[in-house]
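Got your viewer open? Let's take a walk through this protein, one selection at a time.

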Amino acid sequence: MAYQNITASLSPEDVQEIKAAFATIQAKMPFLVTLSAEERRNLFKMGDKRLAFVNTSLIAAQSNKDILPASFDVEEFVRDYQLAATLTEVLIGLRQLTEQVDDTLMAVGSEAMGSSLTVYDYVKTAAKKTPGLKSLAEQLGERFKAIKKKPAKTAVDS
């Protein structure tokens, strides 16, 4: 669907239900971990390109258990592979949802900012003739003072 002006709202009850759904998701996956940056760096990564390698290795392990050491747990390997495949499916859905929420937030934020700029323009104009609006116009104008204070980029002579 093409982007259109967004007219929507979420009730406090809807927000609570969404948060409850997050809690449900986390409760269904109590095994989730949080890795440090160092732990992430040190782990093997199984992306799409390595999925075929892992799948073939799994088939080889299941078909040739006699060549593996007794300490190698083929069933644990199967569980890890199946969980990785399932989590990949879940992650795809979560990423799609996150992208939609992010895009919607950007669009509605832009709409709100555009409306705010319109209000600011009207307040500035009205402040010239309407008592009591000057301080409001100055308050709204504070956002633009920070922009004006940034040094201008200068071209480097070549």
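Among contacts in the protein between residues at least 6 apart in sequence, what percentage join residues at least 24 apart? That share is 38%. Keep in mind as you go that you're looking at a predicted model.

**Stop one: the whole chain.** Switch to a cartoon view. You should find five helices and zero strands, so reading from the N terminus the elements go α-α-α-α-α. The radius of gyration is 28 Å, well over the 15 Å that the globule rule gives for 158 residues, so the protein is more spread out than a compact globule. If you draw a box around the C-alpha atoms along the principal axes, it comes to roughly 90 × 60 × 30 Å.

**Stop two: the surface.** Now turn the surface on. About 14,000 Å² of the protein is accessible, and carbon and sulfur atoms account for 60% of that. As for burial, 9% of the 158 residues count as buried. Next, colour by charge: there are 20 positive and 20 negative side chains. The centres of those two sets sit 13 Å apart.

**Stop three: the core.** Hide the surface and select Val54, Leu58, Ala61, Val74, Phe77, Val78 and Tyr81. These seven residues form the largest nonpolar core. Which elements give two or more residues to this core? They are helix H3 (48-63) and helix H4 (74-127). H4 gives the most, with four residues. Zoom in on Val78 and look at what it touches: leaving aside residues up to four places away in sequence, Val78 is in touch with Leu58 and Gln62.

**Stop four: along H4.** Stay with this helix and pick Glu76, which lies in H4. Is Glu76 buried or partly exposed? Glu76 is partly exposed, because its relative accessible area is 32%, and partly exposed covers the range between the 20% and 50% cut-offs. Try the distance tool from here to Arg41, 35 residues apart from Glu76 along the chain: the two C-alpha atoms are separated by 23 Å.

Then move on to Thr104, also in helix H4. With a relative accessible area of 38%, Thr104 is partly exposed. Add Ile6 to your selection. Thr104 and Ile6 are 98 residues apart along the chain, and their C-alpha atoms are separated by 8.2 Å.

**Last stop: a loop.** Where does Gly47 lie? Look in the loop between helix H2 (37-42) and H3. Gly47 counts as partly exposed, at 36% relative accessibility. For one last distance, select Thr88 too: Gly47 and Thr88 are 41 residues apart in sequence, and C-alpha to C-alpha they are 9.7 Å apart in space.

Notes:
Residues are numbered from 1 along each chain as its sequence is written. This is a predicted model: local features need pLDDT of at least 70, side-chain atom pairs count only at pLDDT 80 or more; totals for chains, interfaces and linings use all residues. Side-chain values use heavy atoms; hydrogens and water are left out. The radius of gyration is taken over C-alpha atoms; the globule rule is 2.2 Å times the number of residues to the power 0.38. Buried means under 20% relative accessible area, exposed over 50%, partly exposed in between (1.4 Å probe, protein chains only). Contact means heavy atoms within 4.5 Å. Accessible areas come from the Shrake-Rupley method with a 1.4 Å probe; for residues, only the protein chains shown count as cover. Lys and Arg count as positive and Asp and Glu as negative; His and the chain ends are not counted. The place of a charge is taken as NZ of Lys, CZ of Arg, CG of Asp or CD of Glu. A nonpolar core is a set of buried Ala, Val, Leu, Ile, Met, Phe, Trp, Tyr and Cys residues joined through side-chain atoms within 4.5 Å.
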